[in-house]
Amino acid sequence: MTHMSKIRQLIPPLSHEMHKGQAGRIGILGGSEEYTGAPYFSGISALKLGADLCHVFCEPSASMAIKAYSPDLIVHPYLRSETQKDIPGSSIKEIVDRVSSVLSRLDVLVVGPGLSRDALMQASAKDIVIKARKEQVAVVLDADGLFLIQHHPYIIQGYTKAVLTPNRVEFKRLCKTMGICHEKEEEDTLVQKLSEALGGVIIVQKGFFDRVSNGKQVLVCDREGGQKRMGGQGDILSGIVGTLLAWGNAYKENRWKHPKNIQSEDVYMLASLGACHLVKECGRRAYEKHGRSVLTSDMLNEIGSSYNALIKGRVYRQLDKLVFLLSLLLI
């Protein structure tokens with residue numbers, strides 16, 4: 001059985017027998033005065049792939065912008081920055097308590113998109129990750145969430161429901177934090193060693209080839225992506241990883257009838273690999289249409305078609321090609 005055929009088995013059916021929330025409840029921890037696009041990209045990607053609900057926990061000055069981007073996101077202005085620390089309700093405990101009131105309803109918490117490196121935001125995120133771990137909520141860490149782990153690796157060490165998605169620079173910094181020599185090893189060996197050093201958390205090393213490891217094995221996504229490296233693509237990946245992890249949880253909990261062919265310890269690895277394939281395909285399709293002018297927002301419009309092509313299989317790929325050829329004839 002191929003990896004893609006296994007990934008397809010993790011996807012819940014669209015059925016009247018399932019109720020709201022069973023196909024994924026995602027939280028995004030991030031959004032600050034300077035960064036409002038990142039949590040939007042992450043959250044809306046989670047929803048466009050098929051999650052039922054997405055909550056964004058952000059700093060108040062970011063909330064109105066994020067709400068304006070999409071009414072589909074549930075936005076909570078619960079975080080605070082250093083400039084607001086003297087305002088009542090801005091202690092770390094109060095911030096964590098506000099987020100925790102929703103945390104128990106989530107399948108996955110994505111930490112980092114637009115979080116910033118503000119001291120109070122980082123300190124709050126640290127305690128929220130610790131709280132999520134205690135409640136056994138899966139955690140995806142990207143961007144400034146990885147900056148947090150770089151300085152406090154113990155908060156996710158040994159937590160096998162954590163997925164880290166570093167780019168090349170972030171990966172190098174994490175290796176340095178964990179005492180791994182980055183210069184003398186092959187890529188597959190390095191990603192496996194970093195996962196081992198962090199106690200088996202899943203590492204998704206982004207690059208020309210994406211590599212996914214749980215410290216025991218390495219899976220590689222060698223799918224062609226887009227040719228432009230605009231910001232925000234990692235945010236899309238974090239949201240899509242979040243939804244696939246939520247589906248993986250639903251698979252393990254038998255929320256629908258399935259043949260139980262996937263081992264529990266392989267579910268998060270396959271979910272992460274599936275996310276890499278989907279984002280690469282979104283990037284390729286968006287670049288094919290827009291070329292040098294492609295934007296990250298163009299990739300959002302390719303999530304549905306990429307899902308149909310990769311997940312639904314050959315018939316949809318052929319139909320997709322036919323639609324593309326017809327569009328060329330009509331130009």
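Guide: A cavity is a set of grid points where a 1.4 Å probe fits but cannot get out. This model is predicted. By that rule, the count comes to 1 cavity of 30 Å³ or more.

Visitor: What is the volume of the largest cavity?
Guide: The volume is about 30 Å³. The count takes cavities of 30 Å³ or more.

Visitor: Which residues line the largest cavity?
Guide: The lining holds Gly226, Gln227, Lys228, Met230 and Gln233. Gly283, Tyr287, Val294 and Met299 belong to the lining too. A lining residue has an atom within 4 Å of a point, so each of these residues passes that test.

Visitor: How many of the residues that line the largest cavity are nonpolar, polar and charged?
Guide: There are 4 nonpolar, 4 polar and 1 charged residues. Gly counts as polar, so Gly226 and Gly283 fall in the polar class.

Visitor: Now the open spaces. What is the volume of the largest pocket?
Guide: About 900 Å³. The name pocket, rather than cavity, applies because a pocket is an open set of points, with protein on both sides within 12 Å along at least five of seven lines. The lining has 40 residues, and those closest to the centre are Asn167, Lys206, Met230, Gln233 and Gly234. Two or more lining residues come from each of H6, helix H7 (168–177), helix H9 (233–252) and H10.

Visitor: How many residues of each class line the largest pocket?
Guide: The lining divides into 12 nonpolar, 14 polar and 14 charged residues.

Visitor: Which residues are closest to the centre of the second largest pocket?
Guide: The second largest pocket has a volume of about 360 Å³. Of its 20 lining residues, Pro12, Pro13, Leu14, Gly50 and Trp247 are the closest to the centre. Helix H2 (37–49) and helix H12 (303–312) each supply at least two lining residues. The largest share, 5 residues, comes from H12. By class, the lining has 11 nonpolar, 5 polar and 4 charged residues.

Visitor: On to charge pairs. What makes Arg117 and Asp144 a salt bridge?
Guide: Their closest N and O atoms are 3.3 Å apart. The cut-off is 4 Å, so the pair qualifies. Arg117 lies in the loop between strand E4 (108–111) and helix H5 (119–134), and Asp144 lies in helix H6 (residues 144–151), so the pair ties together parts that are 27 residues apart in sequence.

Visitor: Why is Asp144 called buried?
Guide: Asp144 has 12% relative accessibility. Buried means under 20%, so Asp144 counts as buried. Arg117 has 47%. Exposed starts over 50%, so Arg117 counts as partly exposed.

Visitor: What makes Lys131 and Glu135 a salt bridge?
Guide: The closest N and O atoms are 3.8 Å apart. That is within 4 Å, so the pair counts. Lys131 has a relative accessible area of 31%, hence partly exposed. Glu135 has 31% and is partly exposed as well.

Visitor: Where do Arg285 and Glu281 lie?
Guide: Both lie in helix H10 (residues 267–290). They are 4 residues apart, about one turn of the helix. Their side chains meet in a salt bridge at 2.8 Å, N to O. That value is within 4 Å, so the name fits. Both residues are buried. Salt bridges that share partners join Arg223, Glu281, Arg284, Arg285 and Glu288 into one network.

Visitor: How many salt bridges are found in the whole structure?
Guide: The search finds 15. Side chains of opposite charge can pair when their charged atoms come close.

Visitor: Last, the strands. Why are strand E7 and E8 said to pair?
Guide: Strand E7 (residues 202–205) and E8 share 3 bridges. Pairing needs at least two, so E7 and E8 pair. The sense is antiparallel. Val204 has Val212 in E8 as its bridge partner. E7 and E8 form a hairpin with 4 residues between them.

Visitor: Why are E8 and strand E9 called a pair?
Guide: E8 and E9 (residues 218–221) have 4 bridges and run antiparallel. At least two are needed, so these strands pair too. Arg211 stands opposite Val220 in E9. The hairpin of E8 and E9 has 4 residues between the strands, and there Gly215 takes a positive phi near 90°.

Visitor: What makes both faces of strand E8 covered?
Guide: Strand E8 spans residues 210–213. Asp210 and Val212 are buried on one side, and Arg211 and Ser213 are buried on the other. Buried means under 20% relative accessible area, so each of the four falls below that cut-off.

Definitions and conventions:
Residues are numbered from 1 along each chain as its sequence is written. This is a predicted model: local features need pLDDT of at least 70, side-chain atom pairs count only at pLDDT 80 or more; totals for chains, interfaces and linings use all residues. Side-chain values use heavy atoms; hydrogens and water are left out. Grid points are joined across faces, edges and corners, and a volume is the space filled by probe spheres set on the points. Buried means under 20% relative accessible area, exposed over 50%, partly exposed in between (1.4 Å probe, protein chains only).
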